[in-house]
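Thank you for making the time this morning. I would like to walk you through one model, so please have the sequence and the structure open as I talk.

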Amino acid sequence: MALILNIETATTNCSVALSKDGKTIALKEDSRNGYSHAEKLHVFIDDVLKEANISKTELNAIAISKGPGSYTGLRIGVSAAKGLSFALDKPLISVPTLDALAQQISCDNGVVVAMLDARRMEVYSAIYDSKHNQIRETQAQILDETSFTDYLEKGKVYFIGNGVEKTKELISHHNAIFIEDRLPSSNDMGVLAFSKYKKRGTEDVAYFEPYYLKDFVALKPKS
């Protein structure tokens, strides 16, 4: 049996789940109040452990959504996960954020495009087949009317994530299916984290860093 604490902070969704052998047994998340991770994350961790009547020492591993996503959100989540992993002497497992997001789509054919909003008309995206195998690597891409045309001409394309809104403005292909109002969630991390746990796919706690995909750019405040 493997009890894994899953932490997701790559977007506005502050999300914590406890999974047992890949299945969620407790979940606490909030995406309605913006980036409230600093205030809520550790409270949510305590809440899910209390709900499942599990102590921190009983955990087998800590899993963190590694990115891409919000620079600040990822820093908070990774810092918390590394702190728990080090303090409890438990292995740290990283789960690509878009891999977990793609898990929310269940389809028999076609492809899944998991996408997160970036600056202006840019998104972070990765593409998966109907069995959630990645068939195109994660990229930072500028959207236009021809984006994803090769996949749309071959069959259904399911778009999911907070990059969907801007994508809908550009793409009107009959094979495009837009799944709106979905964010990455720790609820979808358990099966991926458990798979890596069984293969001992863990991270070096001292050196692990979030996958930002692009360098952080600080914007000057408007006067």
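I will begin with a helix and its packing, and then turn to the aromatic rings. Please keep in mind throughout that this is a predicted model.

Let me start with helix H2, which covers residues 71-88. H2 is made of 18 residues and spans 26 Å from its first C-alpha to its last, which is close to the 26 Å expected at 1.5 Å a residue. Just after H2 comes Asp89, and its phi is positive, near 55°.

Which residues of H2 are buried? They are Gly73, Leu74, Gly77, Val78, Ala80, Ala81, Lys82, Leu84 and Ser85, and you will notice that a lysine, Lys82, is on that list. As for what covers these buried residues, the cover includes helix H1 together with strand S1 (3-8), strand S4 (61-65) and strand S5 (92-95).

H1, residues 37-52, deserves a closer look, since its axis comes within 10 Å of the axis of H2 and the two cross at roughly 35°, in a right-handed sense. On the H1 side the contact is made by His37, Ala38, Leu41, His42 and Ile45, while H2 contributes Gly73, Ile76, Gly77, Ala80 and Leu84. Sorted by class, this contact has 6 nonpolar and 4 polar residues, and no charged ones. As a general reminder, an α-helix has 3.6 residues a turn, so residues three or four places apart point the same way.

Now to the rings, where the structure holds 3 aromatic pairs. One of them joins Tyr71 and Tyr212, which are stacked, with 4.6 Å from centre to centre and 25° between the planes. That pair links distant parts of the chain, because Tyr71 belongs to helix H2 whereas Tyr212 lies in the segment after helix H6 (190-198), 141 residues apart. Tyr71 counts as partly exposed, because its relative accessibility is 32%, whereas Tyr212, at 17%, is buried.

Another pair is formed by Phe159 and Phe178, whose ring centres are 5.2 Å apart and whose planes meet at 20°, so this pair is stacked as well. Phe159 sits in strand S9 (residues 157-160) and Phe178 in strand S10 (residues 176-179), with their positions 19 residues apart in the numbering. Are these two rings buried or exposed? Phe159 is buried, with a relative accessible area of 0%, and Phe178 is partly exposed at 21%. Finally, ring pairs join Phe159 and Phe178 with Phe148 into a cluster.

How values were computed:
Residues are numbered from 1 along each chain as its sequence is written. This is a predicted model: local features need pLDDT of at least 70, side-chain atom pairs count only at pLDDT 80 or more; totals for chains, interfaces and linings use all residues. Side-chain values use heavy atoms; hydrogens and water are left out. Axes are lines fitted to C-alpha atoms, for helices over the stretch in contact, and angles run from 0 to 180 degrees between N-to-C directions. Helices (H or I, at least four residues) and strands (E, at least two) are DSSP runs, numbered from the N terminus. A crossing is left-handed if the near helix is turned anticlockwise from the far one by less than a right angle, and right-handed if clockwise. Contact means heavy atoms within 4.5 Å. Ala, Val, Leu, Ile, Met, Phe, Trp, Tyr, Cys and Pro count as nonpolar, Asp, Glu, Lys and Arg as charged, and the others, Gly among them, as polar. Rings of Phe, Tyr and Trp (its six-membered ring) pair if their centres lie within 6.5 Å; planes under 30 degrees apart count as stacked, over 60 as edge-to-face and the rest as tilted. Buried means under 20% relative accessible area, exposed over 50%, partly exposed in between (1.4 Å probe, protein chains only). The expected span of a helix is 1.5 Å times one less than its number of residues.
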